[in-house]
Each structure stands twice: as structure tokens, then as C-alpha cells.
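Here is a short report on one sheet and the helices of this model. Start with the strands, then turn to the helices.

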Amino acid sequence: MTSASTPASAPSAPLHVLGALALELKGDATVDRNALPLQDAGALSEKIARDLASFAAEAGGLDLITVGAHYDPVELLRPGWPLHRELDQLAANAPRDRAAASAARVIAFGAHDERLPGALAPSPDFAGGPLRLVPFVLSGEADVVARVGEILESSLLERGMAGAGTALAAQAAFGLQVEHARYLTVHDLAAMMAMQYEHAGLGPLWPLLETALLQPDGEEWLDARPEPLIHYSEGEARIALFSPAAWHARYAPEAPCNTDECRDKLNRRYQHFEARLKQISAVLGAHAVPVTFVHCDGESEANQL
């Protein structure tokens with residue numbers, strides 16, 4: 001994905017390509033290290049730079065910024081791409097050799113005393129997943145970034161396998177077992193997550209999440225019963241929190257609720273609904289989408305509230 005530093009309304013060319021080296025791990029194999037010291041991070045970044053230049057030759061003329069750490073997909077797929085933005089901001093303070101001011105740089109951030117700089121520490125809350133991501137940013141002249149971004153967006157899903165040397169280096173450095181290693185743009189990653197959420201029964205939520213990621217200032221509704229009612233707007237997801245009576249009016253108006261058996265059945269359905277609310281709010285929270293619960297005592301007023 002290419003991203004611009006100017007507002008969406010400004011007719012400016014993109015300035016960055018955002019992506020990741022995706023490491024698909026074998027089974028339940030252990031992971032020894034989440035972060036690498038600077039020397040190891042630099043060695044891995046050089047291999048990443050060579051791989052990317054093999055996909056788009058002009059990538060070799062762009063600055064590559066990366067970190068010797070791996071993350072869960074939800075840590076990358078967040079509004080405003082905060083992890084990539086942190087890499088870019090840290091790189092802005094990196095010294096540049098005046099004798100080679102126009103030369104492309106490979107900038108890798110590593111751990112010192114097992115601590116990464118800035119806000120780059122992977123969250124322990126999302127450790128242990130089968131797919132781990134080493135993020136990267138390509139930056140430079142806007143026209144070159146645009147051409148490289150277009151090539152990578154159109155080709156990585158089909159032919160983005162990492163070089164064997166890169167995969168082996170990542171495996172050895174992090175102390176993990178790699179089944180497959182490939183490159184993805186953040187758009188590719190979002191498409192992959194959309195399919196995974198569909199298989200996990202979270203497909204109805206994806207359009208709202210996609211809006212939060214790709215159009216943070218946009219608006220989207222999840223208004224499809226029996227799903228919770230959610231409105232994404234102004235950077236937050238507002239979730240309707242129905243009282244039992246309001247839930248009954250909205251989600252089970254056909255149920256008479258005039259016998260103990262019927263009431264027990266409705267109570268179980270309401271409990272399932274509450275569990276779904278918790279599940280969805282947890283997913284939104286993992287993607288750093290702020291959630292606000294709005295109490296609704298009447299079904300008719302829910303959309304307005």
C-alpha cells in the first residue's frame with residue numbers, strides 16, 4: 001500500500017509503500033525471540049531489501065525502514081497504520097551520510113538490552129499466532145514510490161515468496177520454524193484477514209473494519225440482524241447496548257414470551273447476543289478501533305442514538 005503524508009483531499013502523490021515480511025509458522029513450534037539485537041536486525045533487513053528489489057528494481061533506490069521484530073496481523077492492521085508510522089518517524093531522526101545524501105538507505109531498528117525503541121515493542125497479548133509479520137516501509141521520491149507501490153500491489157500475492165536465504169535467516173534469528181515466508185502489502189494483508197474473518201464467522205464485521213482501516217474518517221453501519229447494531233463514524237464504533245425488553249422487540253418480535261419454556265429460550269438467545277457483543281468489541285479493540293456502548297431502551301430509537 002502507498003500512503004500520503006498530506007490530507008486525502010490534496011492531489012499529492014504517495015510517499016510510502018507499507019508492507020511486511022509474513023512468516024507462516026509450523027504447527028505449535030516455539031518462538032525463542034520476539035526482537036533482535038541491532039546487528040541481527042540489520043542483517044535481516046539487507047536480505048529484505050534485496051528481495052524487494054527483485055520484485056521491483058526501483059525499490060533499490062528507495063529507503064527501506066524495518067525492525068527486527070515480529071507482530072500479529074492485528075498490530076499492523078490499525079487505523080492510521082501506527083506501527084508503520086512509528087517506523088517512519090523514528091527513521092526521520094536517523095543520521096544520513098552527507099557524502100551520500102542521495103543514496104538509498106537500509107534502516108533497521110533493533111533491541112538494546114532487549115528493548116526496542118519508541119513504540120515498537122510487540123504486544124504480549126497477541127503472541128503465539130501462526131502468522132507473524134516483520135513490517136517495512138519504503139520511502140523516497142514520490143514518483144518512484146508510486147511506481148514501486150503499483151508493482152508490489154499487483155504482484156506480491158502471486159509471486160511474493162521471500163528468498164530462501166531470507167526465510168532461513170529469519171528462522172535462525174528469531175528461533176522459530178517457518179513453513180512459508182512471503183511479502184505482502186498492507187492491502188494484501190487486509191484481504192487475507194477479510195477471508196480469515198469470514199471463515200471465523202466474523203464476515204459481517206469486516207466492511208466496518210475495512211472502513212476504519214482504509215477510510216478512518218468515513219462512515220459504515222453493521223445493521224444486519226441477528227448481529228449487533230454498530231455505527232462507525234468519526235473514528236469510533238458505537239455499539240447499541242439493548243435492554244432485554246428492547247432486544248426482544250428488535251430481535252425476537254415474533255416470540256410471545258408467555259410460557260416458561262419460551263422465556264428460557266429467549267434468555268439463552270439474549271445471552272448468545274451478549275457474548276457476540278463481547279466478541280465483536282474485543283476484535284475492534286484488537287485493531288485499536290475505539291468502542292463506545294450506547295444504552296438503548298427502545299428498539300425504535302436505536303439507530304438515532
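In this predicted model, four strands make up an open sheet. Their order is 7-8-9-10, and the pairing is mixed. Strand 7 (220-222) and strand 10 (291-296) are the edges; each pairs on one side only. On average, neighbouring strands of the sheet are turned by 20° against each other, direction ignored.

Strand 9 (residues 236-242) and strand 10 run parallel and are joined by six bridges. Within this part of the sheet, phenylalanine 242 stands opposite cysteine 296 of strand 10. Helix 8 (residues 244-251) lies across both strand 9 and strand 10. Its direction is at about 100° to strand 9.

Now to helix 1. How far apart are the end C-alpha atoms of helix 1? They are 26 Å apart. That agrees with expectation, because 18 residues (38-55) at 1.5 Å a residue should span 26 Å.

Burial in helix 1 is listed here.

| State | Residues of helix 1 |
|---|---|
| Buried (under 20% relative accessible area) | Ala41, Leu44, Ser45, Ile48, Asp51, Leu52, Phe55 |
| Exposed (over 50% relative accessible area) | Gln39, Arg50, Ser54 |

Why do the buried residues line one face of helix 1? Seen down the axis, they fall within an arc of 120°, so they line one face. An α-helix has 3.6 residues a turn, so residues three or four places apart point the same way. Gln39, Arg50 and Ser54 are on the other side of helix 1.

Terms used: Residues numbered from 1 in each chain as written. Predicted model: local features only at pLDDT ≥ 70, side-chain atom pairs only at ≥ 80, totals over all residues. Heavy atoms only, no water. Pairing = 2+ DSSP bridges. Helix = DSSP H or I, 4+ residues; strand = E, 2+ residues; numbered from the N terminus. Axes fitted to C-alpha atoms, helices over the stretch in contact; angles between N-to-C directions. Contact = heavy atoms within 4.5 Å. Expected span 1.5 Å × (residues − 1). Buried < 20%, exposed > 50% of the residue type's maximum accessible area, 1.4 Å probe, protein only. Arc of directions from axis to C-beta.
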